Amino acid sequence: MRPHVMLSVAVSIDGYIDDAGPERLLLSNAADFDRVDALRADSDAILIGAETLRRDNPRLLVNSADRRLRRVAAGKPEYPVRVIVTAGGDLDPDLRFWHSGGERLVYTTDSGATRIGDRLAGLAEVVSLGAAIEFDALLDDLGKRGLERLMVEGGGSIHTALLSAGLADEVWMAVAPVVVGDPAAPRFLGPAAFPGGPHHRMQLADVGRVGDIALLRYLPKEDSDVG
Ligand SMILES: NC(=O)c1ccc[n+]([C@@H]2O[C@H](COP(=O)([O-])OP(=O)(O)OC[C@H]3O[C@@H](n4cnc5c(N)ncnc54)[C@H](OP(=O)(O)O)[C@@H]3O)[C@@H](O)[C@H]2O)c1
């Protein structure tokens, strides 16, 4: 019933997903952003954490008109459902995310839902998962909606929560030839108890190159082919 969960991330070679400055650090190149657009177009839903929404103000759209047309021709909505996760409910209804694309869902807690109140009325469906965010319950709810492929675009806290809970099926990692070198910057993954710990070697399913970007695809639930 749960969707297939694909984590998508761009990292510097020292594992950071942004710098510590106010502007988002662009790690992908143009061709890699287009690859991400294709992954979005193949997904039924795209999820990000509320901190990424607040900091980066993304729209999370499928930018290619051709890909949107192909989705519609296949009987899908023009845009994937876009999903925000927030515990506290601090969401600004003026962000451009709420004013573009198609269906939007917000998963939150009971207290988060109280804080949101009617601020997102007409902009998103708000779903409370109870006292805390439980990602297995969140995935169950997406599955009940018939959503089969979920793309998760960060940030690090959300990736950490899903991977440590054993809920990620795939990781697409684009490694940019950049060094951030600032401990105040966010990383792909934070400290957590990951399934199998450091002794679990996940399967490396694909290696590719997109211009100056190295592209790696891992299957975290599978063991490495080469021990
Ligand atoms: N390079 C990339 O591929 C990429 C992609 C996306 C983002 N980023 C960067 O990532 C940074 C933001 O990452 P982040 O780790 O600070 O934030 P995040 O993962 O985007 O969002 C974290 C927020 O998610 C909500 N949340 C609810 N339950 C949670 C749980 N169990 N675990 C974790 N979060 C939960 C909380 O929202 P509330 O605070 O509202 O309760 C929490 O503050 C930004 O700098 C952004 O630019 C980089």
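Which of the 27 residues around the ligand come nearest? In this predicted model, they are Gly49, Glu51, Thr52, Gly154 and Gly155. Here is a short tour, starting at the ligand and moving out to the whole chain.

**Around the ligand**
- Two strands, β1 (4-12) and β2 (45-49), and two helices, α2 (50-56) and α6 (156-164), are the elements that each give two or more residues to the shell around the ligand.
- Helix α2 supplies the largest share of that shell, with 5 residues.
- If you are thinking about chemical character, the shell holds 12 nonpolar, 8 polar and 7 charged residues.

**A strand pair and its crossover**
- Strands β4 (residues 104-108) and β5 (residues 125-128) run parallel and are joined by 4 bridges.
- Between these strands the chain passes through helix α4 (residues 110-116), giving a right-handed β-α-β crossover.
- Within the pair, Leu105 stands opposite Glu125 of β5.

**The annotated domain**
- An unreviewed UniProt entry lists residues 3-211 as "domain: Bacterial bifunctional deaminase-reductase C-terminal".
- That span is 26% helix and 23% strand, and its end C-alpha atoms lie 31 Å apart.

**The chain as a whole**
- The protein chain contains 6 helices and 9 strands.
- Its radius of gyration is 17 Å, which agrees with a compact globule, because a globule of 227 residues would have a value near 17 Å.
- Along the principal axes, the C-alpha atoms fill a box of roughly 50 × 40 × 40 Å.
- Of the 227 residues, 33% count as buried.

Methods: Residues are numbered from 1 along each chain as its sequence is written. This is a predicted model: local features need pLDDT of at least 70, side-chain atom pairs count only at pLDDT 80 or more; totals for chains, interfaces and linings use all residues. A residue is near a molecule or strand if its C-beta atom, placed from the backbone, lies within 6 Å of it. Ala, Val, Leu, Ile, Met, Phe, Trp, Tyr, Cys and Pro count as nonpolar, Asp, Glu, Lys and Arg as charged, and the others, Gly among them, as polar. Two strands pair if DSSP finds at least two bridges between them. A crossover is right-handed if, with the strands pointing away from the viewer, the path from the first strand over the helix to the second runs clockwise. UniProt positions are given in the numbering used here, feature names are shortened, and annotations may be inferred rather than shown by experiment. The radius of gyration is taken over C-alpha atoms; the globule rule is 2.2 Å times the number of residues to the power 0.38. A residue is buried if 20 or more other C-beta atoms lie within 10 Å of its own, exposed if 12 or fewer, and partly exposed in between; C-beta atoms are placed from the backbone.
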